[in-house]
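Trainee: Got a minute to walk through this one with me? I'd like to start with how the helices pack.

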Number of protein chains: 2
Amino acid sequence: MPALKPRDTATAMTRVDLHRLTPPVDQYLGHCAALHLTFFEQLSHAVANAPRIADKDALTVVAGTALRRYEALVAEIERRKLDRSALMEPHLHGVQEFERRTMGADWHEQVASAHVTIGFLTDFWMRLAAGLPKDARERVEQALRIGELDAPLHRIVQRAIAANPRLSSRLALWCRRLVGDTMLQARSALAVAIDSRDDEEQIEPVLTELIAEHTRRMDKLGLTA
Amino acid sequence: MPALKPRDTATAMTRVDLHRLTPPVDQYLGHCAALHLTFFEQLSHAVANAPRIADKDALTVVAGTALRRYEALVAEIERRKLDRSALMEPHLHGVQEFERRTMGADWHEQVASAHVTIGFLTDFWMRLAAGLPKDARERVEQALRIGELDAPLHRIVQRAIAANPRLSSRLALWCRRLVGDTMLQARSALAVAIDSRDDEEQIEPVLTELIAEHTRRMDKLGLTA
């Protein structure tokens, strides 16, 4: 498990390091939009399964935020006069397979998954935006900053654990299991030359930093990462 | 089957007739918000099941509209310093049971259901708003007018039928079956005195008009109502 690094140092480092692996802008937009459509589906699922109306309501707001980010990404696709469906299509199978693998067996695992995977991947795509052309980069970063996902999902999971402390160990295991699939989903977005040792060396510190963020997220919930 | 009436006349008539049966404003807001949460769930379900990405994308926009209407209704609840969860809770079981009964066996039935039931009930709740205190009425009517639901859902169902004309007869039967449950859901919102013949006489022309709107919706799809 990598040690936690001071956030600013690590971010500065990865902002420098990752941009070489950013895919072309149309590919970035298609994959990131397809992923946000999947975030929306994942969150809507959690809305439908929420046992208490207060959680249902809070998750509805979160799903709405994911939807607004999706719409902002699609607006950038439209601005470039590209076809949104054609751009998302090649990425749909991969993100849906990812969603299926990380869905969870019950509502508690679903909201923990949403918190962990959406948190991790939003950090990742934000860093990856550094390699986009300047105008696209600014609008994409704006899109990914719409509303809040991390804090409200944290509160929902925290409330669930507080109501039933015995959930902790099961959720800790489940969240650890999610990291592998989430890292593979992140990697699938990178423009990596096959067998390039240089590229691999670029990726490593970024994943390390993202895992440190993940650990911080788990710590805040009192879960062992 | 009632004859189609000119829309303006019918609306003017029902606006006069229905407002006596409008429930107190807190009950109206709690039921209408719970219903919109259910619309959102129903539409998200259709997003997840959409076979083509273009439909997935179009339904996402529609789900977003239902969500914005929900948020506007909840904003009105908050403005009145009422507890949204407490207000929605008593209506949740009824609307979820309604959703379950009208969900449909596959994606085609799901989008047809969304078109028919959301169209019918939005017309109904809009008419019912006539009996609210003036300030609440204006804001509720604004909330129910946010974006568009009827036209985009029409286009999605129409596209599905065009791609597979043999769907028509199955969907026509399915949509006819939906009307009963949808009318019962509408009735459950009315402040009707038990066994009041006067109240029943108030309701009849409104339901007739709503069924006429339903028939018009089916006609536009080339389906027999």
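Mentor: Sure. One term up front: a crossing is left-handed if the near helix is turned anticlockwise from the far one by less than a right angle, and right-handed if clockwise. Also keep in mind that this is a predicted model.

Trainee: OK, so which way does α5(A) pass α7(A), left-handed or right-handed?

Mentor: The crossing of α5(A) past α7(A) is left-handed. Helix α5 covers residues 107-128 of chain A and helix α7 covers residues 150-163, and their axes come within 10 Å, crossing at roughly 150°.

Trainee: And why are α5(A) and α7(A) called roughly antiparallel?

Mentor: Angles over 145 degrees count as roughly antiparallel, and the axes here cross at roughly 150°, so α5(A) and α7(A) get that label.

Trainee: Which residues meet there?

Mentor: From α5(A) you have W107(A), H108(A), V111(A), A112(A), A114(A), H115(A) and G119(A), and they meet D150(A), L153(A), H154(A), I156(A), V157(A) and A160(A) of α7(A). By type, that contact has eight nonpolar residues, four polar and one charged.

Trainee: Switching topic: is H91(A) buried or exposed?

Mentor: Buried, because its relative accessibility is 15% and the cut-off is under 20%. H91(A) sits in helix α4, residues 84-101 of chain A.

Trainee: What does H91(A) touch, leaving aside neighbours within four places in sequence?

Mentor: Q27(A), G30(A), H31(A) and A34(A).

Trainee: Last one: what does UniProt list for residues 27-188 of chain A?

Mentor: An unreviewed entry there gives "domain: Ferritin-like" for that range. In the model, residues 27-188 are 84% helix and 0% strand, with the end C-alpha atoms 12 Å apart.

Terms used. Residues are numbered from 1 along each chain as its sequence is written. Chains are lettered from A and ligands numbered from 1 in the order in which they are written. This is a predicted model: local features need pLDDT of at least 70, side-chain atom pairs count only at pLDDT 80 or more; totals for chains, interfaces and linings use all residues. Side-chain values use heavy atoms; hydrogens and water are left out. UniProt positions are given in the numbering used here, feature names are shortened, and annotations may be inferred rather than shown by experiment. Helices (H or I, at least four residues) and strands (E, at least two) are DSSP runs, numbered from the N terminus. Axes are lines fitted to C-alpha atoms, for helices over the stretch in contact, and angles run from 0 to 180 degrees between N-to-C directions. Angles under 35 degrees count as roughly parallel, over 145 as roughly antiparallel, 65 to 115 as roughly perpendicular and the rest as oblique. Contact means heavy atoms within 4.5 Å. Ala, Val, Leu, Ile, Met, Phe, Trp, Tyr, Cys and Pro count as nonpolar, Asp, Glu, Lys and Arg as charged, and the others, Gly among them, as polar. Buried means under 20% relative accessible area, exposed over 50%, partly exposed in between (1.4 Å probe, protein chains only).
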